[in-house]
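This report describes the fold of one protein chain, from its sheets and helices to a few single residues. Please keep the sequence and the 3D view at hand while reading.

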Amino acid sequence: MAILKRRLTHILASVFTLLLLFSCNGKQKNANKYLISAEKAFNEANYSLAKLKIDSIKILFPEAFNEITKGFKLMQKVRLAENNRNIAFCDSMLEVNYKQLNTALTYFNYERDKQYQEFGYYIPKSLPLNNAFSQNCIRAAVGENSHMYIESVYTGQPIKHSKIKVSTKDGSYAESLSVTSDGLNYQFRTLEKSYEIVRYTGNDDNGISSFIFTFKDEPITLTFIGSSERSVTLPSNSKKAVSQSFELATLLKDIEDLKYEKGRSEALIKYLETKIQE
């Protein structure tokens with residue numbers, strides 16, 4: 001009886017081992033199918049699908065160590081290919097943007113005080129800064145670092161304005177934030193007139209430049225807001241200067257972003273190449 005029990009135990013153990021072996025082989029085959037699909041997607045430059053298939057191997061088949069290892073190595077190749085493609089895209093877009101920049105800069109004069117300014121500024125030819133004093137308007141300039149500023153120029157009965165509003169006939173409008181800091185909000189007098197100039201940079205613009213660019217072909221009302229309000233129709237040369245400056249600042253920012261992305265990809269490629277060689 002004891003001998004029969006031992007034989008039965010051996011038979012059951014053998015059956016269990018075979019079942020486990022078949023199960024492992026089945027899982028390994030399924031894991032390998034995912035790996036083959038990932039390789040196919042990689043060869044077809046479908047990098048998103050390749051990464052999805054590789055990640056699925058680790059999640060669905062955590063014990064398929066051979067396939068997981070191969071998947072890791074393939075993932076490095078996928079990331080390398082992605083970054084090479086990203087560099088090619090950046091180079092292509094930079095070429096286009098630099099051509100646009102060369103054209104855009106023909107509408108600006110470059111000014112820089114080397115003693116006081118780290119960056120120079122591009123001033124629209126359509127409204128030189130000094131000429132802006134002849135009218136109530138908004139003038140603009142763009143720094144080499146892509147930072148744009150606008151200034152509201154008001155002459156007349158003093159109202160100590162600290163912000164402005166631009167609006168169209170249909171009720172659409174944008175309103176700047178209030179600027180009261182010394183050096184950004186200042187007044188002065190000549191023998192004939194008093195002047196108020198407020199500079200809006202960064203968030204203080206609050207959509208003014210974008211609004212003028214969007215509605216540059218429509219009449220725009222400019223309102224100076226201080227102790228009281230004064231409204232004028234925004235002069236056409238002012239609309240043009242702000243619109244051109246907004247376009248230039250956007251273009252310079254796009255170029256800086258593309259250069260950053262390219263540099264980031266180049267750094268990642270160097271890292272990935274060392275990992276692949278290991």
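Which strands does helix H5 lie across, and at about what angle does it run to E3? Helix H5, residues 236-277, lies across E1, strand E2 (121-124), strand E3 (137-143) and strand E4 (148-155). Its direction is at about 20 degrees to that of E3.

## Overview

The model is predicted. The protein chain has an average pLDDT of 88, and 90% of the residues score at least 70. Over residues 2-26 the pLDDT is below 50, and this stretch has 0 contacts in the model beyond near neighbours in sequence.

There are 5 helices and 10 strands in the protein chain. Of its 278 residues, 35% count as buried. Among the contacts with a separation of 6 or more, 63% are between residues 24 or more positions apart.

## The sheet of 6 strands

An open sheet of 6 strands has the order E1-E2-E3-E4-E8-E7, and its pairing is antiparallel. Its edge strands are E1 (108-111) and E7 (185-189), each of which pairs on one side only. From one strand to the next, the twist averages 25 degrees. In general, the strands of a sheet pair through backbone hydrogen bonds, in either a parallel or an antiparallel way.

At one edge, E1 and E2 are antiparallel and pair over 4 bridges. Phe108 stands opposite Pro124 in E2. Between E2 and E3, also antiparallel, there are 2 bridges; here the bridge partner of Tyr121 is Gly143 in E3. At the other edge, 5 bridges join E7 to strand E8, residues 194-201. Asn185 has Val198 in E8 as its bridge partner.

## The sheet of 4 strands

Another open sheet has 4 strands in the order E6-E5-E9-E10, again with antiparallel pairing. Strand E6 (173-175) and strand E10 (229-233) stand at the edges; each has a single partner strand, so one side of each is left without a neighbour in the sheet. The twist in this sheet averages 15 degrees from one strand to the next.

Strand E5, residues 163-167, pairs with E6 in the antiparallel sense over 3 bridges. In that pairing, Val166 has Ala174 in E6 as its bridge partner.

## Cores

Which elements supply the largest nonpolar core? This core has 34 residues, and those with the most contacts inside it are Ile138, Ile150, Val166, Ile208, Ile212 and Leu248. At least two residues each come from helix H3 (65-104), E3, E4, E5, E8, helix H4 (208-214), strand E9 (221-225) and H5. The largest share, 7 residues, is that of H5.

Val166 shows how such a residue is surrounded. Apart from its neighbours within four places in sequence, Val166 is in contact with ten residues' worth of listed partners, including Ile138, Ala174, Ile208, Phe211, Ile212 and Leu222.

A second, separate core has 11 residues, and Ile54, Ile57, Met75 and Val78 are among them.

## Single residues

The table lists four residues by relative accessible area; a residue is buried if this value is under 20%.

| Residue | Relative accessible area | State |
|---|---|---|
| Cys90 | 1% | buried |
| Cys137 | 0% | buried |
| Ser167 | 16% | buried |
| Met75 | 6% | buried |

Is Ser167 buried or exposed? At 16%, Ser167 falls under the 20% cut-off and therefore counts as buried. Ser167 is found in strand E5. Leaving aside neighbours within four places in sequence, Ser167 is in contact with Ser172, Tyr173, Phe211, Pro219, Ile220 and Thr221.

Met75 is found in helix H3. With the same kind of neighbours left aside, Met75 is in contact with Lys51, Ile54 and Asp55. Met75 and Glu39 are 36 residues apart in sequence, and their C-alpha atoms are 9.7 Å apart in space.

How many disulfides does the structure hold? The structure holds 0 disulfides. A disulfide is a covalent bond between the sulfur atoms of two cysteines. Cys90 and Cys137 are listed in the table as buried, at 1% and 0%.

How values were computed
Residues numbered from 1 in each chain as written. Predicted model: local features only at pLDDT ≥ 70, side-chain atom pairs only at ≥ 80, totals over all residues. Heavy atoms only, no water. Pairing = 2+ DSSP bridges. Axes fitted to C-alpha atoms, helices over the stretch in contact; angles between N-to-C directions. Contact = heavy atoms within 4.5 Å. pLDDT = per-residue confidence, 0-100. Disulfide = S-S within 2.5 Å. Buried < 20%, exposed > 50% of the residue type's maximum accessible area, 1.4 Å probe, protein only. Core = buried A, V, L, I, M, F, W, Y, C linked by side-chain atoms within 4.5 Å.
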